[in-house]
Amino acid sequence: MRILLVRHGRQSDARCNVDVGLNAAGRQQADLAGGRLAGERVNLVVSSDMIRARETAQILNAHVAAPSREIAALRELDFGEMEGLTDDEIDTRFSEFKTLQARGDRDLHYPGGESASDVLERALAALEALADGGFDTVAIATHGVVIRVLAAHALGAPAHRWRAVARSLENGSITELRYDTHTHTLSLERLNDYAHLEANPELLRAAWGVREN
C-alpha cells in the first residue's frame, strides 16, 4: 500500500496544538498539495479528527474525488501542558524539558501528554488497519509529529529520534511511505516533498516563524 502523508495546511492560530481550522495560506497549501495528488489514483482520503487536518483532507479530495474517512489515531501528539501556549511561553515554563529533549537520547513524555512512542503505536495500528482494507494508494492529511515519527520508524530509528527527521517539515508537504502487507514493514520513498510550494515562499514555514515543539 502506498501512503501519501500530507502535513495539514497552516492553521489559523500559532499557539501549540490548538484545534482550529486553516487560514488562507493553509487553504492554498492544501490546494497546491491536492494538485500534486490529482494524478496519483488515490483510493481513499483519510484525515485525523482535528479540524485543520479535516479541512486539509476536504481540499485534497476536491482534486482526487475518493471516498473519505476520519481516523482519530492519526491526530497530533498530545503536548499536554504546552497546548494553547506560545513558543515564548513554552520556552519559559518548560525550559528544563526542552533541554532534556534537545539531547535526543530518550523517549520523553511531554508534561501531561504523550511520548513519541505513544504516537507511533497508535499511528502504526491505523496504517495496519488501512492495509488490511485492501487499498492501493491512500492519502492521509495528518500532523508533523505523526509524519516524522513514522518516517523515523521506516528508517529503523527509535521513535524518540523523530526530531532528527525533516526539521522543517513544510505544511502541505508530501511524504510517501510504502506498507508491505507480507512483512508488515514500512519503507520511506520520499520525505517533505514541497516542490508545489516553492514558487510561493510566503507559504513556507520560514515565513511563518513558528517553531516545532
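How many bridges join strand β2 to β4, and do the two run parallel or antiparallel? In this predicted model, 4 bridges join β2 (residues 44–47) to β4, and the two strands run parallel. Within that pairing, V45 has A139 as its bridge partner in β4.

**Strand β4 and its partners**

Strand β4 spans residues 137–142, and 6 of its 6 residues are buried. T137, A139 and A141 point one way from the strand, while V138, I140 and T142 point the other way. In a regular strand the side chains alternate between the two faces of the sheet. Strand β1 (residues 2–7) is also paired with β4: 6 bridges join them, and they run parallel. R2 stands opposite T137 in β4.

**Nonpolar cores**

The largest nonpolar core holds 44 residues, and those with the most contacts inside it are I3, L130, I140, L150 and L186. Two or more residues each come from β1, β2, α5 (116–132), β4, α6 (144–154) and β5 (174–180). Helix α5 supplies the largest share, 9 residues. In soluble globular proteins, nonpolar side chains tend to be buried together.

I140 of β4 touches I3, L4, L5, V6, V46, L74, L127 and L130, leaving out residues up to four places away in sequence. Another core, of 13 residues, lies apart from the largest one; among its members are L4, V42, A57 and I174.

L4 is placed in strand β1. With a relative accessible area of 0%, L4 falls under the 20% limit and is therefore buried. Beyond its neighbours within four places in sequence, L4 is in contact with L37, E40, V42, T137, V138, A139, I140, I174, T175, E176 and R190. L4 and D87 are 83 residues apart in sequence, and their C-alpha atoms are 29 Å apart in space.

**Helices α1 and α4**

The buried residues of these two helices, and the elements they pack against, are listed here.

| Helix | Residues | Buried residues | Packs against |
|---|---|---|---|
| α1 | 24–37 | A25, G26, Q29, A30, A33, G34, L37 | β1, α2 (51–64), β4, β5 |
| α4 | 95–103 | F97, K98, Q101 | α3 (87–93) |

Helix α1 has 14 residues, which at 1.5 Å a residue should span 20 Å; its end C-alpha atoms are 20 Å apart, so the expected and modelled spans agree. At the N-terminal end of α1, N23 acts as a cap: one of its side-chain oxygens lies 3.1 Å from the backbone nitrogen of A25. A25 is itself one of the buried residues of α1.

Which residues of helix α4 are buried? They are F97, K98 and Q101. These residues cover an arc of only 95° around the axis, and therefore they lie on the same side of α4. An α-helix has 3.6 residues a turn, so residues three or four places apart point the same way. The face of α4 turned away from the buried side carries the exposed residues E96, A102 and R103. Just after α4, G104 takes a positive phi of about 65°.

Technical notes: Residues numbered from 1 in each chain as written. Predicted model: local features only at pLDDT ≥ 70, side-chain atom pairs only at ≥ 80, totals over all residues. Heavy atoms only, no water. Buried < 20%, exposed > 50% of the residue type's maximum accessible area, 1.4 Å probe, protein only. Pairing = 2+ DSSP bridges. Core = buried A, V, L, I, M, F, W, Y, C linked by side-chain atoms within 4.5 Å. Contact = heavy atoms within 4.5 Å. Expected span 1.5 Å × (residues − 1). Polar contact = N/O pair within 3.5 Å; in protein donor to acceptor, adjacent residues only side chain to side chain. Arc of directions from axis to C-beta.
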